[in-house]
Amino acid sequence: MLWSSQVGSPPTCRLKLQLTPTSSASAPSWITAGKRPASSEDSPQGPACVRCTWHPDGAHVLTGSDDGCVAVWSAHDGAKLAQLSVASVTDEADSEVYGLQVLSRESLLAVACSDTVQQWDLLSGRQTAHTKLRAHESGVAFGGSHRNPNATAYVFSLASRGRVLVAALSDGTCRLLDAQTCKELATLDAHVQRGTPAFACALSPTSTLLATTGGDGCVLLWDMRMLGSGPLSERSGHTQAVHGVCFASAGALGAPVDAGELLVTGGSDCTLRIHETALGVAAASSGSASSGSASSGSASGGAASGGAASGGAAS
């Protein structure tokens with residue numbers, strides 16, 4: 001680990017998007033003041049925003065809320081431009097949208113709602129693909145029997161590159177899907193073996209690395225060319241669940257350029273950590289691997305090496 005920072009009080013917000021219930025005709029408010037509202041009375045209560053991501057065009061922001069809706073906003077003035085209701089295709093009462101992943105610069109969007117992964121065309125507002133993910137037979141029953149009596153495997157995070165779409169699930173698995181059809185291709189069960197949910201995942205934009213995170217604070221690095229051998233290595237440092245992960249260039253983070261690609265993680269322990277990934281690549285070349293495996297379909301022995309999953313995840 002290169003660096004760690006304790007997160008203190010939330011920073012002041014420059015742009016605030018106010019979500020309103022789907023039944024409300026009122027427009028979202030946009031606040032540009034350099035301070036947060038003085039009290040909750042200043043902002044009408046609406047659905048909670050549980051996921052937010054930029055569109056690749058840099059002009060739009062997409063949000064997912066706990067009422068099963070996805071909204072498209074203008075990054076310029078905060079205006080809501082469109083809204084999709086994605087909860088109607090799920091069988092679960094819980095309809096939080098925890099995963100949003102833009103699949104193309106034009107219009108395709110992958111959405112994770114409850115235990116489903118859906119593909120939507122933002123231009124037409126139509127769903128183009130959909131799959132329901134069943135819980136792993138040995139998976140974690142997230143929330144316990146009282147909160148999750150059906151042991152539903154909720155999709156907490158999505159990541160994509162080329163034809164490969166990766167989903168991190170509450171049962172501890174990470175699923176590989178075809179980004180064009182949402183067809184399930186493979187299952188990674190390393191976090192299941194640890195008895196913890198998988199909270200987040202990220203695919204490197206420049207290498208063959210996949211990162212997944214768990215509820216025990218672990219961060220696992222995988223090589224998409226050899227998933228059947230298990231994770232390459234583990235990054236530690238967090239003392240609680242890791243809910244956020246992304247790859248970043250060393251230059252973008254102000255680190256020496258020769259540090260190569262870095263991994264940024266954020267956890268419930270209120271820390272942000274920056275990790276080197278070069279050791280993971282070195283481990284791949286030396287053939288070392290830890291426990292955990294890839295199963296199901298064509299993924300055993302390298303999910304990104306053939307068929308629909310070859311999509312450039314390793315290119």
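1. Pocket lining by class. In this predicted model, the lining of the largest pocket breaks down into 13 nonpolar, eight polar and two charged residues. The volume of that pocket comes out at about 390 Å³. There are 23 lining residues, and the closest to the pocket centre are Gln101, Leu158, Ala159, Cys201 and Val245. If you want to find the lining by element, look at β4 (49-54), β8 (97-102), β12 (155-161), β16 (198-203) and β20 (242-249), which each give two or more residues to it.

2. Tyrosine 98. Staying with one of those strands, tyrosine 98 sits in β8. Is tyrosine 98 buried or partly exposed? Its relative accessibility is 26%, so it counts as partly exposed, given that buried means under 20%. Setting aside neighbours within four places in sequence, tyrosine 98 is in contact with Val50, Arg51, Ala112, Val155, Phe156 and Ser157. As for cysteine 52, the C-alpha atoms of tyrosine 98 and cysteine 52 are 8.9 Å apart, with the two positions 46 residues apart in sequence numbering.

3. Overall make-up. Stepping back a little, the protein has three helices and 23 strands. Of its 315 residues, 48% are buried. The exposed area is about 14100 Å², and carbon and sulfur atoms supply 51% of it. On the contact side, take the contacts with a separation of 6 or more: residues 24 or more positions apart account for 52% of them.

4. Nonpolar cores. The largest nonpolar core holds 18 residues, and the ones that touch the most other members are Val166, Leu176, Leu188, Leu203, Leu210, Trp222 and Met224. Elements giving two or more residues to this core are β13 (164-169), β14 (174-178), β15 (184-188), β16 and β18 (219-223). There is also a second, separate core of 14 residues, with Ala153, Leu158, Leu165 and Leu169 among them. Two names tie back to the pocket: β16 also gives two or more residues to the pocket lining, and Leu158 is one of the residues closest to the pocket centre.

5. Alanine 211. This alanine is in strand β17 (residues 209-214). With a relative accessibility of 0%, alanine 211 counts as buried. Leaving out residues up to four places away in sequence, alanine 211 touches Ala200, Cys201, Ala202, Leu220, Leu221, Val245, Phe247 and Leu263. Cys201 and Val245, in that list, also turn up among the residues closest to the centre of the largest pocket. Alanine 211 and serine 233 are 22 residues apart in sequence, and their C-alpha atoms are 9.9 Å apart in space.

6. The loop between β14 and β15. Two residues in this loop are worth a look: alanine 179 and cysteine 182. Alanine 179 has a relative accessible area of 5%, so it is buried. Beyond its neighbours within four places in sequence, alanine 179 is in contact with Leu103, Gln119, Gly162, Arg163, Val164 and Leu165. One of these contacts, Leu165, belongs to the second core. Valine 117 is 62 residues from alanine 179 along the chain, and their C-alpha atoms are separated by 10.0 Å. Cysteine 182 is buried too, because its relative accessibility is 1%.

7. Positive phi values. Most residues other than glycine have a negative phi. Which way does the phi of cysteine 182 go, positive or negative? The phi of cysteine 182 is positive, near 65°. Alanine 151 likewise has a positive phi, about 50°, although it is not a glycine. Alanine 151 lies in the loop between α1 (144-147) and β12. Its relative accessible area is 30%, so alanine 151 is partly exposed, whereas cysteine 182 is buried. If you go through the backbone angles yourself, those are the two residues I'd bring up on screen.

Notes. Residues are numbered from 1 along each chain as its sequence is written. This is a predicted model: local features need pLDDT of at least 70, side-chain atom pairs count only at pLDDT 80 or more; totals for chains, interfaces and linings use all residues. Side-chain values use heavy atoms; hydrogens and water are left out. On a 1 Å grid over the protein atoms alone, a cavity is a set of points where a 1.4 Å probe fits but cannot get out, and a pocket is an open set with protein on both sides within 12 Å along at least five of seven lines; lining residues have an atom within 4 Å of a point. Grid points are joined across faces, edges and corners, and a volume is the space filled by probe spheres set on the points. Helices (H or I, at least four residues) and strands (E, at least two) are DSSP runs, numbered from the N terminus. Ala, Val, Leu, Ile, Met, Phe, Trp, Tyr, Cys and Pro count as nonpolar, Asp, Glu, Lys and Arg as charged, and the others, Gly among them, as polar. Buried means under 20% relative accessible area, exposed over 50%, partly exposed in between (1.4 Å probe, protein chains only). Contact means heavy atoms within 4.5 Å. A nonpolar core is a set of buried Ala, Val, Leu, Ile, Met, Phe, Trp, Tyr and Cys residues joined through side-chain atoms within 4.5 Å. Accessible areas come from the Shrake-Rupley method with a 1.4 Å probe; for residues, only the protein chains shown count as cover.
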